[in-house]
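Biologist: Got a minute to walk me through this one? I'd like to hear about the inside before anything else.

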Amino acid sequence: MFKSILVPIDLADTDLAKPAIAAAATLSKTWGSRIRLLNVLPMTPVMLAEYVPADFDEQQRQTSEEALAIIATESGIDSSLISAVVRQGGIYHEILEEAAAMKADLIVMTSHRPAMRTYFLGSNAGHVVRYAKCSVLVVRH
């Protein structure tokens with residue numbers, strides 16, 4: 001049913017991602033799905049550009065790629081079925097763009113329990129659920 005699954009991961013809180021990775025692993029075993037782990041790096045604000053090294057964005061990308069490789073290895077998912085990508089930009093926008101680019105059948109992501117601020121401002125998971133063109137599984141943490 002699901003041949004291509006996208007799993008967005010916040011590397012600042014990898015414990016939050018564990019339930020989503022576990023759910024994706026189970027789905028992959030059931031349907032032989034391909035899984036793509038995604039980390040979205042924020043854009044460096046223009047105001048800070050002169051204060052960071054010239055290769056700051058590249059260093060961040062490399063660090064994120066290495067962290068995703070470790071997560072992929074530790075996931076227990078067959079290495080031929082899992083890949084990772086790092087994008088830069090707005091979180092929910094880049095999740096939706098990657099899902100479209102890879103023709104994802106499903107996005108599996110975790111979300112914190114709703115707080116009062118998310119009812120008014122929204123959350124990344126909420127935006128993805130509203131605007132994704134594929135199914136979205138939100139795993140509560």
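Modeller: Sure, we'll go from the core to a strand, a helix and a loop. Keep in mind that this is a predicted model.

Biologist: Okay, which residues have the most contacts inside the largest nonpolar core?

Modeller: Those are Ile5, Val7, Ile9, Ile35, Leu37 and Val108, in a core of 23 residues. The elements giving two or more residues to this core are strands E1 (4–8), E2 (34–41), E3 (82–88) and E4 (106–111), plus helices H1 (14–31) and H2 (56–74).

Biologist: And which element gives the most to this core?

Modeller: H1, with seven residues.

Biologist: What about Val108, what is it in contact with, leaving aside neighbours within four places in sequence?

Modeller: Val108 touches Ile5, Leu6, Val7 and Pro8, then Ala20, Ala23 and Leu27, and also Leu137 and Val139.

Biologist: So how many residues of E4 are buried?

Modeller: Six of its six. Leu106, Val108 and Thr110 sit on one side, Ile107, Met109 and Ser111 on the other, and both faces are covered. In a regular strand the side chains alternate between the two faces of the sheet.

Biologist: Which strands does E4 pair with?

Modeller: E1 and E4 run parallel and are joined by two bridges. E4 also pairs with strand E5 (residues 135–140), again in the parallel sense, over six bridges. Leu106 takes part in both pairings: Leu106 is the bridge partner of Ile5, and Leu106 stands opposite Ser135 in E5.

Biologist: Switching to helix H3, which of its residues are buried?

Modeller: H3 covers residues 91–101, and Glu94, Ile95, Leu96, Glu98 and Ala99 are buried. The buried residues of H3 pack against E1, E2, E3 and E4, as well as helix H5 (124–131).

Biologist: Where do Ile95 and Leu96 belong, core-wise?

Modeller: They're in a second, separate core of 14 residues, which also includes Val40 and Met102.

Biologist: And what does the backbone do just after H3?

Modeller: Lys103 takes a positive phi there, about 55°. Lys103 is found in the loop between H3 and E4.

Biologist: Why flag that phi value?

Modeller: Lys103 has a positive phi without being a glycine. Most residues other than glycine have a negative phi.

Biologist: Is Lys103 buried or exposed?

Modeller: Exposed, because its relative accessible area is 67% and the cut-off for exposed is over 50%.

Technical notes: Residues are numbered from 1 along each chain as its sequence is written. This is a predicted model: local features need pLDDT of at least 70, side-chain atom pairs count only at pLDDT 80 or more; totals for chains, interfaces and linings use all residues. Side-chain values use heavy atoms; hydrogens and water are left out. A nonpolar core is a set of buried Ala, Val, Leu, Ile, Met, Phe, Trp, Tyr and Cys residues joined through side-chain atoms within 4.5 Å. Buried means under 20% relative accessible area, exposed over 50%, partly exposed in between (1.4 Å probe, protein chains only). Helices (H or I, at least four residues) and strands (E, at least two) are DSSP runs, numbered from the N terminus. Contact means heavy atoms within 4.5 Å. Two strands pair if DSSP finds at least two bridges between them.
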